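Here are my notes on the pockets, for you to read alongside the model. Have a look at the structure, then go through the points.

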Amino acid sequence: MEINIVAGGPDRYIPSLNKYCNDEAKWVGVDRGVYTLLEQKIEPSIAFGDFDSVNTEEWEMIQEKVREVNRYQPEKDETDLELALNWAIDQKPDKISIFGATGGRLDHFMGNLQLLMTPKLLEARIKVEMIDVQNRLSLAEPGEHNVEKSPELQYISFVPVTENVDGITLTGFKYPLKNRNISRGSTLCISNELIQSSGTFSFSNGILMVIRSSDESFS
């Protein structure tokens with residue numbers, strides 16, 4: 001099972017969602033992201049949020065179209081996306097994709113990034129991607145990982161999440177590395193490119209954020 005979560009970020013950063021529809025996918029709407037799904041003719045299985053970013057007409061449509069709506073007071077300890085993500089983790093899916101979590105307010109974006117590093121998610125060992133029209137963002141744990149060249153996502157960056165990431169080795173890249181240690185705040189692994197059809201990255205300790213990007217929209 002795959003779970004696709006659509007949060008309430010600006011529509012211009014959200015790709016066409018129909019390309020991510022398949023028989024294994026279950027859709028979750030978060031706040032205005034519920035209305036975004038309905039506009040793209042996708043009915044979410046469940047919705048979360050305080051819904052302070054939709055108007056009366058949009059809220060009525062959400063109530064009419066979505067079978068399970070979890071509405072909360074705006075004054076709460078968790079963000080709407082955190083509530084949805086916690087629910088998704090409990091379903092034990094193979095993969096979670098998050099849309100509508102970038103762009104707009106930086107505090108929202110930084111908060112959404114922090115959610116990828118919560119102990120509950122890391123312990124669940126579920127593959128999670130944050131996707132917008134120019135980027136795919138995920139976390140990687142120690143080991144060797146394969147990456148395929150993509151004409152849509154030319155650039156690959158590796159950002160240390162933990163204080164230190166040890167033994168980074170990059171093969172098949174324009175700027176290769178061998179057994180390098182980097183610390184949080186380093187820009188050594190920003191904006192690399194594959195020069196072969198595929199490559200690998202590996203490291204022995206820490207957590208890396210992997211960002212695949214394009215200069216233009218690939219939606």
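1. A definition to start with: Ala, Val, Leu, Ile, Met, Phe, Trp, Tyr, Cys and Pro count as nonpolar, Asp, Glu, Lys and Arg as charged, and the others, Gly among them, as polar. By that split, the lining of the second largest pocket has seven nonpolar, 11 polar and 10 charged residues.

2. Keep in mind that this is a predicted model, where local features need pLDDT of at least 70 and side-chain atom pairs pLDDT 80 or more, while totals for chains, interfaces and linings use all residues. Numbering runs from 1 along each chain as its sequence is written, and side-chain values use heavy atoms, without hydrogens and water.

3. A pocket here is an open set of points on a 1 Å grid over the protein atoms alone, where a 1.4 Å probe fits, with protein on both sides within 12 Å along at least five of seven lines; lining residues have an atom within 4 Å of a point. Points are joined across faces, edges and corners, and a volume is the space filled by probe spheres set on them.

4. The second largest pocket comes to about 570 Å³. Its lining has 28 residues, with D31, T79, D80, L81 and H108 nearest the centre. Helix 4 (106-115) and helix 3 (80-90) each supply at least two of them, and helix 4 gives the most, five. Helices are DSSP runs (H or I, at least four residues) and strands likewise (E, at least two), numbered from the N terminus.

5. The largest pocket holds about 720 Å³. K127, V128, E129, S138 and L139 are the closest to its centre among 27 lining residues. Strand 7 gives the most to this lining, with five residues. The lining divides into 13 nonpolar, four polar and 10 charged residues.
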